[in-house]
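Thanks for passing this one along. Here are some notes to read with the structure open beside you.

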Amino acid sequence: MTPYPEGSGPRPSDPGKITVPDVSRRKGGPPLVMLTAYDAPSARAADEAGVDLILVGDSLGMVVLGLPDTLRVDLEDMVRATAAVRRVQPRALVVTDLPYLSYHTGARDAVLNAGRLVREGGAEAVKLEGGRKRLEVVRALIDAEIPVMGHLGLTPQSLHAMGGYRVQARAVPEIEQLLDDAQALCEAGIFALVLEGVPSDVAGLVTERVPVPTIGIGAGAGCDGQVLVFHDLLGMTSGPAPKFVRRYADLHGAAVEAIRAYARDVRERTFPAAAESYRLPREAAAAVERQARRRAPRAREL
Ligand code: KIV
């Protein structure tokens with residue numbers, strides 16, 4: 001794969017470019033806005049709209065690749081998507097998910113795999129799921145100068161262990177475990193923490209207790225920021241959306257309408273029109289015409 005071309009994206013020193021320290025400093029400040037993106041057009045739209053962080057999420061498996069869960073997404077998928085996002089040179093900080101099994105087998109594998117996201121994809125930070133049991137990996141990544149965002153609560157890569165996509169931390173022992181995991185991750189050096197699928201009061205409590213910004217999805221309004229999946233926000237997914245999704249558009253519906261209109265125009269021969277077609281220069285057109293007339297009798301003779 002072609003490495004991320006050096007010098008083609010904004011550098012941390014470029015005016016306006018959002019960096020990891022900028023995100024850390026936003027703890028308790030104006031809410032951080034994060035949105036997923038998986039390719040150049042989605043990254044361009046998110047960046048032009050002024051989001052603070054673009055997450056190249058492994059939700060790509062479900063919303064782009066049509067997979068049933070995130071478990072089958074691999075490192076190649078994430079490297080390619082990250083490189084596409086970085087090619088548009090976003091001002092937003094680009095964070096990429098470490099996919100399932102790219103960090104579960106130990107710190108060395110995690111560093112090598114995250115290193116590919118950084119060197120080949122251009123990721124500026126990585127996100128991984130899990131608490132205390134990931135501390136060794138988190139420390140190794142940070143030692144390798146790769147900033148880490150944590151992800152606790154409903155962690156989709158633990159789908160089978162959780163027994164489905166269920167709201168987490170609803171009872172006292174689970175809440176204590178969540179607080180302990182969050183604090184341990186912060187001590188290990190994460191710069192931000194995603195809280196997914198937890199009751200609002202629990203997310204609010206974690207947000208109060210930890211020194212890094214929390215970014216919620218299905219975690220209520222008390223977090224330091226919010227994240228949504230691009231395709232959910234724009235109405236590009238099929239079936240009912242989860243409770244926490246707010247749809248700001250119906251782009252799937254708009255796309256179907258536009259494609260129906262195109263199909264109608266093709267069938268009615270109103271597309272393409274003369275203005276949408278190429279024409280020969282006058283002399284060449286006359287020559288073609290003469291050729292056609294010369295050939296026509298021969299064709300009839302056959
Ligand atoms: O992959 C993803 O989109 C995520 C968000 C839901 C936080 O991890």
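The points below go through the strands, the core and the ligand shell.

1. A word on the source before anything else: this is a predicted model. Please keep that in mind when you look at any single side chain.

2. A good place to begin is strand β1 (residues 32-36). On one side, β1 is joined to β8 by 4 bridges, and the two strands run parallel. With β2, β1 pairs in the parallel sense as well, over 3 bridges. Leu-35 helps you find your way here, since this residue stands opposite Leu-228 in β8 and also opposite Ile-54 in β2.

3. How does the chain get from β1 to β2? The path goes through helix α2 (residues 40-48), and this β-α-β crossover is right-handed.

4. Next, follow β2 onwards to strand β3 (residues 93-97): these two run parallel and are joined by 4 bridges. If you want a residue pair to look at, Leu-55 has Val-95 as its bridge partner in β3.

5. Going the other way from β1, you come to strand β8 (residues 225-228), which is covered on both faces. Gly-225 and Val-227 lie on one side, Gln-226 and Leu-228 on the other, and all four are buried. Strand β7 (residues 214-217) pairs with β8 in the parallel sense over 2 bridges, and Ile-215 stands opposite Gly-225 there.

6. Strand β2 (residues 53-56) also has buried residues on both sides: Leu-53 and Leu-55 point one way, while Ile-54 and Val-56 point the other. Two of these strand residues come up again in the next point.

7. Which residues have the most contacts inside the largest nonpolar core? They are Leu-53, Ile-54, Val-126, Ile-190 and Leu-193, in a core of 70 residues. Helix α4 (residues 75-87) gives this core its largest share, 5 residues. For a closer look, try Leu-53: leaving aside residues up to four places away in sequence, Leu-53 touches Val-23, Leu-32, Met-34, Ala-92, Leu-93 and Val-95.

8. Finally, the ligand. The residues around the ligand include Thr-36, Leu-55, Asp-97, Ile-217 and Val-227, and you have met Leu-55 already as the bridge partner of Val-95. Gly-57, Asp-58 and Ser-59 are also around the ligand, as are Val-194, Glu-196 and Val-229. By type, this shell divides into 5 nonpolar, 3 polar and 3 charged residues.

Key. Residues numbered from 1 in each chain as written. Predicted model: local features only at pLDDT ≥ 70, side-chain atom pairs only at ≥ 80, totals over all residues. Near = placed C-beta within 6 Å. Nonpolar A, V, L, I, M, F, W, Y, C, P; charged D, E, K, R; others polar. Core = buried A, V, L, I, M, F, W, Y, C linked by C-beta atoms within 7 Å. Buried ≥ 20, exposed ≤ 12 C-beta atoms within 10 Å, placed from the backbone. Contact = placed C-beta atoms within 7 Å. Pairing = 2+ DSSP bridges. Right-handed = clockwise from strand over helix to strand, strands pointing away.
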